[in-house]
Amino acid sequence: MVTPKTQIEQNDIITIRIKASTQEPYQKEISCEISLRIQQVLANSYEIEDVANRNYLILKMVNIHETGGNVSLQFNPNVVRIDLNDEAYLNRVEGSEEVNGDGYVEKFTFTMDKESAKNIKFYKVDMSQDYTYPLGDATSVITVNDE
């Protein structure tokens with residue numbers, strides 16, 4: 001956890017230096033710098049990061065509320081399929097999963113923590129497609145509903 005010494009404003013770039021060292025059984029030190037740009041999010045939001053000819057897309061979600069809540073994701077498994085190893089799917093609300101006639105997941109609900117962000121991986125059936133959202137008039141291939 002990093003506590004700022006002064007007020008951080010929107011679009012500020014914050015650089016954090018991290019260093020770890022050990023003395024026993026050998027002496028070693030590693031370090032790195034991480035730069036973060038502060039963005040202001042005014043409402044719960046989501047976007048899809050994707051590029052053509054990549055076999056997956058990332059659903060990026062933000063919950064700005066001071067309480068957690070359930071989020072339902074619905075999608076056509078003939079277009080995209082949830083990564084069954086993704087934390088959101090593994091920790092889904094019990095009994096919330098719906099599957100289609102072929103046995104593929106098409107809807108599930110999970111709990112999103114307060115003031116958190118989550119990236120969820122989906123695999124694309126047609127790698128040549130670009131499902132970036134929002135992008136022009138395109139509609140999202142994943143329907144996101146707060147419950």
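**View 1. Aromatic pairs in the predicted model.** This is a predicted model. The count of aromatic pairs comes to five. A pair of aromatic rings is described by the distance of the centres and the angle of the planes. Both values are given for the two pairs in the next views.

**View 2. Tyr-46 and Tyr-133 form a stacked pair.** The ring centres lie 5.6 Å apart, and the planes make an angle of 20°. The planes count as stacked because their angle is under 30 degrees. Where do the two rings sit in the chain? Tyr-46 belongs to strand β3, residues 45-49. Tyr-133 belongs to the loop between β9 and β10. The pair links distant parts of the chain, 87 residues apart. Are these tyrosines buried or exposed? Tyr-46 is partly exposed, with a relative accessible area of 26%. Tyr-133 is also partly exposed, at 23%.

**View 3. Phe-75 and Phe-122 meet edge-to-face.** Here the centres are 5.0 Å apart, with 80° between the planes. An angle over 60 degrees counts as edge-to-face. Phe-75 lies in strand β5 and Phe-122 in strand β9, so this pair ties together parts that are 47 residues apart in sequence. Both rings are out of reach of the probe or nearly so by the numbers: Phe-75 is buried, with a relative accessible area of 4%, and Phe-122 is buried at 0%. The two rings also belong to one aromatic cluster, together with Tyr-89, Phe-108 and Phe-110.

**View 4. Phe-122 sits in the largest nonpolar core.** This core has 20 residues. Which residues have the most contacts inside it? They are Leu-73, Phe-122 and Ile-142. Several elements each supply at least two core residues: β4 (56-63), β5 (69-75), β6 (80-82), α1 (87-90), β8 (105-112), β9 (116-124) and β10 (142-146). Strand β8 gives the most, with four residues. Now look around Phe-122. Leaving aside its neighbours within four places in sequence, Phe-122 is in contact with residues including Leu-57, Leu-59, Leu-73, Phe-75, Val-80, Ile-82 and Ile-142. Its contacts also include Asn-55, Arg-81 and Asp-83.

**View 5. Two charged side chains lie over tyrosine rings.** The charged end of Arg-81 sits over the ring of Tyr-104. The distance to the ring centre is 3.8 Å. Lys-121 lies over the face of Tyr-56, 4.6 Å from the centre of that ring.

**View 6. Four strands build an open sheet.** What is the order of the strands? It runs β3-β4-β9-β6, and the pairing is antiparallel. The edge strands are β3 and β6, since each pairs on one side only. On average, neighbouring strands of this sheet are turned by 30° against each other, direction ignored. Five bridges join β3 to β4. Ile-48 stands opposite Leu-59, a residue of β4. In a regular strand the side chains alternate between the two faces of the sheet.

**View 7. Strand β5 pairs with β8 and with β10.** How many bridges does each pairing have? Six bridges join β5 to β8, and these strands run antiparallel. Asn-70 has Thr-111 in β8 as its bridge partner. Five bridges join β5 to β10, again in the antiparallel sense. Phe-75 has Ile-142 in β10 as its bridge partner.

**View 8. Two peptide bonds before proline are cis.** One runs from Glu-24 to Pro-25, with omega near -5°. Pro-25 is in the loop between β1 (13-22) and β2 (28-37). The other joins Tyr-133 and Pro-134, with omega about -5°. Pro-134 lies in the loop between β9 and β10. Tyr-133 is the stacked partner of Tyr-46 from View 2.

**View 9. Asn-53 and Glu-115 have positive phi angles.** Neither residue is a glycine. For Asn-53, phi is about 65°. Asn-53 is found in the loop between β3 and β4. For Glu-115, phi is about 40°. Glu-115 has its place in the loop between β8 and β9. Are these residues buried or exposed? Asn-53 is exposed, with a relative accessible area of 59%. Glu-115 is exposed too, at 52%.

Methods
Residues numbered from 1 in each chain as written. Predicted model: local features only at pLDDT ≥ 70, side-chain atom pairs only at ≥ 80, totals over all residues. Heavy atoms only, no water. Core = buried A, V, L, I, M, F, W, Y, C linked by side-chain atoms within 4.5 Å. Buried < 20%, exposed > 50% of the residue type's maximum accessible area, 1.4 Å probe, protein only. Contact = heavy atoms within 4.5 Å. Phe/Tyr/Trp six-rings, centres within 6.5 Å; stacked < 30°, edge-to-face > 60°. Lys NZ or Arg CZ within 6 Å of the ring centre and 35° of its normal. Pairing = 2+ DSSP bridges. Axes fitted to C-alpha atoms, helices over the stretch in contact; angles between N-to-C directions.
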